[in-house]
Amino acid sequence: MKDLAEQRYTIETCTDTAYSCKMAVEGGCDRIELCSSLALGGLTPSASLIEYACNLPSVSIAVMIRPRCGDFLYDDDEFELMKRDIELSKELGAGSVVFGILTPEAMVDKKRTRLLVEAAEGMQVCFHRAIDMTQNIMQSMEDIIACGCHRVLTSGGFATAAEGIEVIRQMQQSFGKSIDIMVGSAVSSSNVKRFRDIGIRSFHLSGKADCESRMSFRKAGISMGATDPAREYVLSQTDPCKIAALREALNS
């Protein structure tokens, strides 16, 4: 076995703006999970943002296919939108798509997952953290693999990956040879070695930092949507230093 420092690890950065995409590349990530509305957990991005990201150098693009926030139980219209968004992502040059779809009983919807995998033929497929909302995460792993997914993003069924590390260890031991298990949710340079040391090779983070708006005039007491008025002029963008620090921690 190679020394840890000689092994290649994959860092995926989730972004929802053009600026964050550029900063993720600057920080040295391998893949961008491209979304809109990260504050809502990530939704399908616009076609123009997909096209923009796919033209960035030295990085692969994984497009989030999620038509709305909330649960992962989709009606027929939403499912058709997901299929079309996969087709559009492929046409625009994305190498991967990311989705998760569940039954009312909170298990993997195998029939629809297979259909989405078929729609994504020629692309890599990641089943996202919808797995963490299932009632039996180990059975869900078997189902995801059977459906033909190439990787899964998980926090081990807990709010953060650090809390779910023992489940992640079991997932890696049981399924790590059949699918790429990528850890996400509060993964950073301060804890990434814990996951590296149990055999995980793929890591997902936003690497966000708050930035002040460049607006000189600021209207007080009004916010757009669910934004806290106090944060209306605070932008959350990818910090390349956080991506680089995670890489350094992995290779140390």
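**Contacts between distant parts of the chain.** In this predicted model, 66% of the contacts in the protein chain with a separation of 6 or more are made by residues that lie 24 or more positions apart. Of the 252 residues of the protein chain, 48% count as buried.

**Secondary structure and overall dimensions.** The protein chain holds 8 helices together with 10 strands. Its radius of gyration is 18 Å, close to the 18 Å that the globule rule gives for 252 residues, so the protein chain is as compact as a globular protein of that length. Along the principal axes, the C-alpha trace spans about 55 × 50 × 35 Å.

**Surface and charges.** The accessible surface of the protein chain amounts to about 12,200 Å², and 51% of this surface belongs to carbon and sulfur atoms. The chain carries 28 positive and 34 negative charges, and the mean positions of these two sets are 4 Å apart.

**A close-up of A146.** A146 is found in helix α5, which covers residues 137-146. Because its relative accessibility is 52%, and exposed means over 50%, A146 counts as exposed. Although A146 and S178 are 32 residues apart along the chain, their C-alpha atoms are separated by 9.9 Å.

**Confidence, and the segment of residues 1-6.** The pLDDT of the protein chain averages 94, and 96% of the residues score at least 70. Over residues 1-6, by contrast, pLDDT stays under 50, and the model has 6 contacts beyond four places in sequence for these residues. Where pLDDT is low, the predicted coordinates should not be read in detail.

Note on methods. Residues numbered from 1 in each chain as written. Predicted model: local features only at pLDDT ≥ 70, side-chain atom pairs only at ≥ 80, totals over all residues. Heavy atoms only, no water. pLDDT = per-residue confidence, 0-100. Contact = heavy atoms within 4.5 Å. Helix = DSSP H or I, 4+ residues; strand = E, 2+ residues; numbered from the N terminus. Rg over C-alpha atoms; globule rule 2.2 N^0.38 Å. Buried < 20%, exposed > 50% of the residue type's maximum accessible area, 1.4 Å probe, protein only. Areas by Shrake-Rupley, 256 points an atom, 1.4 Å probe, with all protein chains shown as cover. Lys, Arg positive; Asp, Glu negative; His and termini not counted. Charge placed at Lys NZ, Arg CZ, Asp CG, Glu CD.
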